[in-house]
Amino acid sequence: MSGPMQCSSQPQFMTSVGRNNRSNGPGTPLIESIDVDQIVIPEKNSWKNLFSYIGPGFLVSIAYIDPGNFETDLQAGAQYKYELLWIILIASCAALLIQSLAARLGVVTGKHLAEHCRAEYPKVTNFVLWILAELAVVACDIPEVIGTAFALNMLFRIPVWCGVLITGLSTLMLLLLQQYGVRKLEFLIAFLVFLIATCFLVELGYSKPNTSEVVRGLFVPELKGNGATGLAISLLGAMVMPHNLFLHSALVLSRKVPRSVHGIKEACRFYMIESAFALTVAFLINISIISVSGAVCGSGNLNPEDQANCSDLDLNKASFLLKNVLGNWSSKLFAVALLASGQSSTITGTYAGQYVMQGFLNLRMTPWIRNLLTRSLAILPSLIVSLIGGSSAAGELIIIASMILSFELPFALIPLLKFTSSKTKMGLHANSICTAVLTWVIGSFIVVINIYFLITSFVKLLLHSGMSTVSQVFAGIFGFLGMLIYIAAILYLVFRKDRKSTLPLLESDSEPVAAGHSTGAGAEGSLGHLPREDISSMQLPQQRAASNLD
């Protein structure tokens, strides 16, 4: 690499904190140059480089096997056996394509999705997108809180509401992990993913689902029954999460990728392979959960209590069901997998929230404060619901949170599709016509099915609410007004023309931008050296940073 990139006397990044009063542009990282365990990709072209890219995909894959997925997968198997497996297959393929776009955006431009949104959209639009992204992080955290509480109940018979409070202590574990950096964290998450996979593969072996029915469910689309559409949307919302797009586009910045056209293409290709492997593992886990649930609840020798559990299955009831049908060890295996899922999801969800806040607001909050704030917002509704309605109501809250994620997905997906298709932002690395058409078809399908379900559910709610005619009229007016606002907001993002130009960050553009000398939009597109130390460090080491300022 060039000389300035090897020079340690110059800070690699500008900062908006500390003693120096420097510029605060959209591309300005917020940590001084420090000694971190950077992940440097060799210049030579070799398949061995793939091992240097392994990591971000596993952090992203956790969102596809979090307690929210457990809940919806269990209900899908219990109510419709293997009929909704095709939803998992389609959602997994769509997720791989979408996640690869998020990774490509970060690799090519050196900025993650939230930073691009802040640079591109007006202040009001940017603020609304930030609020929606934060709500997505909280909605993601609710299943993690409830799932961990259920796991503690299964393992140690702790009441669910007490388990909800105990999950707040995971903040301490997260703080402990932060000091080891991103690479160690990636290894830990990968270990937890394979632990979850092992638990459910063992469960799958003992439950013995019908292979032909599983294959048919994977490749023959069906939506039978009144609740199939709603559960399908919940499965989709639990699979493709908006906060994951922000997370993936940021995590890839922890690698020091060769900033040549060939180096960028190689990085995008290897990240695609790495993501495909991680998401394939997540796909197999989801298939195993649905198959185990379908096999157990489809058994002909269930007693009346187990049949009642299958008709209204949640994470807590699943433990007792597996214990009665497959044995006590099966219940414990499920609890271990659920606990690993909840705790690993906590880590990735917190960092997604951190990058969302840093990107949209140019504000980097101390990690323990950020974690405490997000967790408190998730604990409050979880605690109230678990106290009033018990485990059954807590399980319903997970489904609601998954549907919220599905409705919020367009507000992260549409900017991603537009940015990665823009030649003024991606240059030669912009989406091909085939990729652009396919991704827009996927995004349009998600939006249409969400709007359809929203309208039909609202109409059914009005017709069966028991309200007076006048109340129904007013409720209908306000409800459809909200739907029109939702549709209008989506159309605004779709048809608004991008106005900021941020060409790919190549080696010739990698000189640090001196404070006070950046002018215009072109300066905003330059981020200086990669990797981004505010990403690779994944913490705020104020004491170490302060020593480098002297």
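By class, how many nonpolar, polar and charged residues does the lining of the largest cavity have? Please keep that question in mind while I introduce the structure, which is a predicted model.

When the whole structure is searched, four cavities of 30 Å³ or more are found, and the largest cavity has a volume of about 60 Å³. Its lining is made up of Leu129, Leu132, Ala133, Ala136, Pro242, His243, Phe246, Glu408, Phe411 and Ala412. To return to the opening question, that lining has eight nonpolar residues, one polar residue and one charged residue. If you look for these residues in the model, you will find that helix H7 (123-156), helix H13 (242-251) and helix H19 (410-421) each supply at least two residues of the lining, and that H7 gives the largest share, with four residues.

Let me turn now to another helix, H14, which offers a simple check that you can follow by hand. Helix H14 runs over residues 261-297, and because each residue should add 1.5 Å, its 37 residues should span 54 Å, which agrees with the 53 Å that separates its end C-alpha atoms. Helix H14 is also mostly covered, since 27 of its 37 residues are buried.

My last topic is the salt bridges, of which the structure holds seven. One of them joins Glu120 to Arg496, with the closest N and O atoms 2.8 Å apart. Glu120 lies in helix H6 (residues 113-120), whereas Arg496 lies in the loop between helix H22 (469-495) and helix H23 (520-524), so this pair ties together parts that are 376 residues apart in sequence. Both Glu120 and Arg496 are buried, and the two are linked with Lys425 in a network of salt bridges.

A further salt bridge is formed by the side chains of Asp498 and Lys418, at 4.0 Å from N to O. Here Asp498 lies in the loop between H22 and H23 while Lys418 lies in helix H19, so the pair ties together parts that are 80 residues apart in sequence. Lys418 has a relative accessible area of 12%, and is therefore buried.

Finally, Lys224 forms a salt bridge with Glu222, the closest N and O atoms being 3.2 Å apart. Are these two partners buried or exposed, or something in between? Lys224, at 48% relative accessibility, counts as partly exposed, because that class lies between the cut-offs of 20% and 50%. Glu222, on the other hand, has a relative accessibility of 15% and therefore counts as buried.

Methods
Residues numbered from 1 in each chain as written. Predicted model: local features only at pLDDT ≥ 70, side-chain atom pairs only at ≥ 80, totals over all residues. Heavy atoms only, no water. 1 Å grid on protein atoms, 1.4 Å probe; cavity = no way out; pocket = protein on both sides within 12 Å on 5 of 7 lines; lining within 4 Å. Points joined across faces, edges and corners; volume = space filled by probe spheres on them. Nonpolar A, V, L, I, M, F, W, Y, C, P; charged D, E, K, R; others polar. Expected span 1.5 Å × (residues − 1). Buried < 20%, exposed > 50% of the residue type's maximum accessible area, 1.4 Å probe, protein only.
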